[in-house]
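Subject: Structure handover

Hello,

Here is the structure I promised to pass on. Please open it beside this email and follow along.

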Amino acid sequence: MDNVILEVDNLGKYFPVTRGFWKEIVGHVKAVDKVSFYVEEGETLGLVGESGCGKTTLGRCILRLIEPTEGKVWFKKNDGSKVELTKLQLKEFKEFRKEIRMIFQDPYLSLDPRLTVMEIVGEPMKIHRMAKGKDLEDRVKKLLEMVGLKAQYMRRYPHEFSGGQRQRIGIARALASNPRLVVADEPVSALDVSVQAQILDLLEKLQEELHLTYLFISHDLSVVQYVSDRVAVMYLGKLVELGTAEEIYNMPKHPYTEALMSAIPKVDPRRKIERILLKGDVPGPMHSPSGCKFHPRCHYADKVCSQEEPMLRDVSNHHYVACHFAEQLNLRGIEAWLSKKMY
């Protein structure tokens with residue numbers, strides 16, 4: 001645990017649901033529900049799940065762009081000591097905004113259209129008083145070149161760039177304050193497939209050069225498999241499985257993870273398209289089922305699944321699963337689905 005840079009302990013974010021003129025609170029939407037995990041220095045932890053499962057809310061709670069309802073977030077400082085980020089006043093937290101940065105999902109909305117690239121990328125350095133004048137300009141030039149853009153672009157505005165170029169500007173802005181941890185929230189989902197590969201290669205190259213740690217949020221399992229050392233699977237605000245990328249993709253232990261593997265697109269036309277079709281719809285987070293949240297849609301569910309909520313537990317060498325029958329089930333990984341032949 002000495003190598004852990006970020007530790008999340010029972011983090012929760014509950015949004016109140018109100019009704020009537022007096023705004024009476026009638027319930028809560030549990031967007032993030034008692035989530036715990038850790039990220040080691042230099043690794044990429046992929047956080048995957050379908051839209052609406054709470055991935056982005058979790059990332060924003062870590063950076064306190066949204067204030068968490070409960071739980072703790074610990075961050076390892078340069079001197080090796082740990083600080084509880086959730087206890088800090090916002091003025092105190094400003095110091096750590098230099099070291100924890102975010103790459104946002106939409107490169108069209110995350111850049112201020114009224115500012116030039118020079119102003120966008122240079123803003124974090126001005127706020128944290130890291131550079132000014134000619135030094136600031138030189139640093140912006142270096143950052144643009146680092147992400148694959150020409151230095152002469154710094155006087156242009158965001159509307160003059162393509163989607164991939166805008167995301168490169170967003171990456172340069174995230175790196176401006178020399179962070180140690182980067183939360184990448186769906187950084188390639190709004191881009192063409194060919195551009196996605198370029199951005200992923202860039203992120204990998206920057207991680208190696210700058211010794212960065214990534215929390216990589218995505219709904220695309222193919223992308224997560226490509227970039228991640230470990231993978232956390234999220235369903236309805238909860239973590240249901242956590243382990244190395246190899247284990248998660250080849251030996252899943254949770255039925256929801258198996259269903260996700262079956263949904264990965266096949267590029268070979270000779271492969272038979274076979275998927276696990278889940279029953280019903282995703283329950284609303286305000287009225288989540290009792291027991292295991294996945295049990296109404298699970299093919300393996302038994303009586304205990306509707307009565308008792310499974311805890312996230314270590315089932316084999318740091319492979320954590322929240323399923324009552326994790327040890328008994330023989331689930332299929334990605335290779336099993338890709339090996340299905342049409343002829």
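Start with E43, which counts as buried because its relative accessibility is 8%, and buried means under 20%. Keep in mind that this is a predicted model. E43 sits in the loop between β2 (24–40) and β3 (44–48). Which residues does E43 touch, leaving aside its neighbours within four places in sequence? They are Y38, Q207, T213, Y214, D229 and R230.

A second loop residue is worth a look. L236 lies between β9 and β10 (238–244). L236 counts as buried too, because its relative accessibility is 7%. Now find R168. It is 68 residues from L236 in sequence. From C-alpha to C-alpha, L236 and R168 are 31 Å apart in space.

Next, the sheets. Strands of a sheet pair through backbone hydrogen bonds, either parallel or antiparallel. Both arrangements matter here.

One open sheet has 4 strands, in the order β2-β1-β4-β5, and its pairing is antiparallel. Which strands are at its edges? They are β2 and β5 (82–84), and each pairs on one side only. On average, neighbouring strands of this sheet are turned by 20 degrees against each other, direction ignored. Look inside it at β1 (residues 4–19) and β4 (residues 70–76). These two run antiparallel and are joined by 5 bridges. G12 stands opposite E70 in β4.

Another open sheet has 8 strands, and its pairing is mixed. Read its order as β6-β7-β8-β3-β9-β10-β12-β11. β6 (100–103) and β11 (313–314) stand at the edges with a single partner strand each, so one side of each has no neighbour in the sheet. For a parallel pair, go to β7 (residues 181–185) and β8 (residues 213–218), which are joined by 5 bridges. There V182 stands opposite Y214 in β8. You have met Y214 already: it is one of the contacts of E43.

Helix α1 (residues 55–62) has a place in both descriptions. It lies across β1, β2 and β4, running at about 115 degrees to β1. It also lies across β3, β6, β7, β8 and β9 (230–235), and there it runs at about 150 degrees to β8.

Now the other helices. α4 (residues 133–146) has 14 residues. How far does α4 reach from its first C-alpha to its last? It reaches 20 Å, close to the 20 Å expected at 1.5 Å a residue. Its buried residues are L136, V140, L143, L144 and M146. Why are they on the same side of α4? Because they cover an arc of only 155 degrees around the axis. The face turned away from that buried side carries the exposed residues K134, K142 and E145. What covers the buried residues of α4 includes α3 (117–127), α5 (163–175) and α6 (193–210). After α4 comes G148, with a positive phi near 90 degrees.

Two of those covering helices also pack together. The axes of α3 and α5 are 7 Å apart, at an angle of about 30 degrees. That makes the two helices roughly parallel, because angles under 35 degrees count as such. On the α3 side, the contact is made by V117, I120, V121 and P124. On the α5 side, I169, A172 and R173 make it.

Best wishes

How values were computed. Residues numbered from 1 in each chain as written. Predicted model: local features only at pLDDT ≥ 70, side-chain atom pairs only at ≥ 80, totals over all residues. Heavy atoms only, no water. Expected span 1.5 Å × (residues − 1). Buried < 20%, exposed > 50% of the residue type's maximum accessible area, 1.4 Å probe, protein only. Arc of directions from axis to C-beta. Contact = heavy atoms within 4.5 Å. Pairing = 2+ DSSP bridges. Axes fitted to C-alpha atoms, helices over the stretch in contact; angles between N-to-C directions. Parallel < 35°, antiparallel > 145°, perpendicular 65-115°, else oblique.
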